[in-house]
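Got your viewer open and a hand on the mouse? Let's take a walk through this one together, stop by stop.

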Amino acid sequence: MPILTAPRIGIALNMRGCPNRCRHCYLGPAHPGRMTADDLRWVVAQVRAYRRPGATEPLWPEVQVASWVYEPDYASNYRHLYELENELSGLPSIRPTHELASIWRLGRDENYAPWLSDIGFRVCQMTFFGLEENTDWGYRRRGAFKDLLLATERLLAAGIRPRWQWFFTKRILPDLPQMLKLVEDLRLQERCEALGGTFKLFMHCHCPDGEGRRQLEALRPTLDDLQQAPEWLRHKDELQTEAQLLPQLLADEQPFKKSVTDLGSVLWLMVMPNWEVYPNEGELSAAFRLGNLKTDGLQKIVETFENDATPGLQALFHVPVSELARKHGQSENQQIYALDDLKYLWARRWAEERGNV
Ligand code: SF4
């Protein structure tokens, strides 16, 4: 990966964890522990003060700050943390455009949706795996589906349009007719239009990363399953079977990722309660760990990042896709993928086999 030159970096602390254990979560299994407001101040101070050896100016004059890595606003002092993020960053908050909020809190705290509206939310994403049984199964939390329905009402009452995403697995297929009826019964299109926008509903396959790779791959649909879904609801990207995609990927001699900008417009570092640091690229597992902020320090973490010195970054930036395909491709597999998702799946398998440095 080329050296880091962008003036802006994002820092996200896992201060409170998540109330859910979603089966699609690309971040992987939860990292235990909590962090304090003083921890957040300390980390941001480290990042602001960081200079390359011999440099007089800080590497990152602009720092975006988040007090969450998993579901935002799960902490009971979420309002204070939001203000602290803004105070430490000084940049405009990413929250309203991010469209992510705590469904758990929306189901419990009637003052939360009005607060989201006050800070600029106009749209909020909500995830379903099917009707009640399948959605609670997907979140691995009883009551998740009921929270989603209550959250939808509270968001609309606060002037925020819900955006429903449905995960396309074999489990959702029998639920689809009733889910479409639910959308109609709730008059979501009409109520969103009354708020000046449209109701967005989309269905897509999970990214085969983190928990999605472990928990949902066996339920990934085939082309036959895809035909059972209404055409307008199908994935926007072209989906093909692994068997269909394999020949072109066996001929691709380039690595999956080529530039640091392939990791997103802003690079984020995710800090766990044990001070381990990960890039915002894939699951928070040993194969992606950049180092420990307390024991290794930021200099070592930056070196590890820039030298791709983790199996996860090696798999993304150095191993040709053709090699990943030869090692992990399954020529008989009839499950469907977007092209990049198949590359992710193979890169994760390649990295996992190598553990960590
Ligand atoms: S997908 Fe979001 S809500 Fe679900 S476990 Fe992961 S961070 Fe939590």
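Here is a tour that goes from a sheet to a hairpin, on to some rings and helices, and ends at a loop. Before you click anything, keep in mind that what you're looking at is a predicted model.

**Stop 1: the open sheet**

Start by selecting strands β2, β1, β7, β8 and β9. Those 5 strands make an open sheet, and the order you just clicked is their order in the sheet. The pairing here is mixed. Now look at the two ends: which strands stand at the edges? They are β2 (62–66) and β9 (291–292). Each has a single partner strand, so one side of each has no neighbour in the sheet.

**Stop 2: the hairpin and strand β8**

Next, select residues 267–271, which are strand β7, and see how they pair with β8 in the antiparallel sense, over 3 bridges. Want to spot one facing couple? Val271 stands opposite Val277 in β8. Together β7 and β8 form a hairpin, with 4 residues between the two strands. Click on Trp275 in the turn: its phi is positive, about 75 degrees.

Stay with β8 and select residues 276–279. On its other pairing, β8 meets β9 in the antiparallel sense over 2 bridges. Here Glu276 is opposite Asn292 in β9.

Is Glu276 buried or exposed? Glu276 has a relative accessibility of 18%, and the cut-off for buried is under 20%, so Glu276 counts as buried. The rest of β8 joins in: Glu276 and Tyr278 on one side, and Val277 and Pro279 on the other, are all buried, so both faces of the strand are covered. While you have Glu276 selected, add Ile301. These two are 25 residues apart in sequence, and 9.7 Å apart in space from C-alpha to C-alpha.

**Stop 3: a strand with partners on two sides**

Now jump to residues 161–167, strand β4. How many of its residues are buried? The count is 7 of 7. Show the side chains and sort them by face: Arg161, Arg163, Gln165 and Phe167 are on one side, with Pro162, Trp164 and Trp166 on the other, and all of them are buried.

Bring in the partners one at a time. Strand β3 (residues 123–128) pairs with β4 in the parallel sense over 6 bridges, and Phe128 has Trp166 as its bridge partner in β4. Then show strand β5 (residues 200–204), which also pairs with β4 in the parallel sense, over 5 bridges. There, Arg163 stands opposite Lys200 in β5.

**Stop 4: aromatic rings**

Time for some rings. A search of the whole structure turns up 14 aromatic pairs. Select Tyr74 and Trp104 to see one: an edge-to-face pair, 4.9 Å centre to centre, with 90 degrees between the planes. This pair links distant parts of the chain, as Tyr74 is in the loop between β2 and α2 (78–89) while Trp104 is in helix α4 (residues 103–106), 30 residues apart. Tyr74 counts as buried, at 15% relative accessibility.

Now try Tyr82 and Trp115. Their ring centres are 5.3 Å apart and their planes are at 85 degrees, so this pair is edge-to-face. It too links distant parts of the chain: Tyr82 is in helix α2 and Trp115 in helix α5 (residues 112–118), 33 residues apart. Tyr82 counts as buried at 13% relative accessibility, and Trp115 counts as buried at 9%. Add Tyr78 and Tyr112 to your selection, and you have one aromatic cluster of Tyr78, Tyr82, Tyr112 and Trp115.

Two more rings have a charged residue for company. Lys257 lies over the face of Phe256, 4.8 Å from the ring centre. Arg354 lies over the face of Trp350, at 3.6 Å from the ring centre.

**Stop 5: two helices**

Select helix α1 (residues 37–49) along with α2. Their axes are 11 Å apart, and they pack at an angle of about 15 degrees. That makes α1 and α2 roughly parallel to each other. The crossing of α1 past α2 is right-handed.

**Stop 6: a loop residue**

Last click: Gln334, in the loop between α15 (321–328) and β10 (336–337). At 43% relative accessibility, Gln334 counts as partly exposed. Add Arg220 to the selection, and you'll find its C-alpha 9.6 Å from that of Gln334, though the two are 114 residues apart along the chain.

Note on methods: Residues are numbered from 1 along each chain as its sequence is written. This is a predicted model: local features need pLDDT of at least 70, side-chain atom pairs count only at pLDDT 80 or more; totals for chains, interfaces and linings use all residues. Side-chain values use heavy atoms; hydrogens and water are left out. Two strands pair if DSSP finds at least two bridges between them. Rings of Phe, Tyr and Trp (its six-membered ring) pair if their centres lie within 6.5 Å; planes under 30 degrees apart count as stacked, over 60 as edge-to-face and the rest as tilted. Buried means under 20% relative accessible area, exposed over 50%, partly exposed in between (1.4 Å probe, protein chains only). A charge sits over a ring if NZ of Lys or CZ of Arg is within 6 Å of the ring centre and within 35 degrees of the ring normal. Axes are lines fitted to C-alpha atoms, for helices over the stretch in contact, and angles run from 0 to 180 degrees between N-to-C directions. Angles under 35 degrees count as roughly parallel, over 145 as roughly antiparallel, 65 to 115 as roughly perpendicular and the rest as oblique. A crossing is left-handed if the near helix is turned anticlockwise from the far one by less than a right angle, and right-handed if clockwise.
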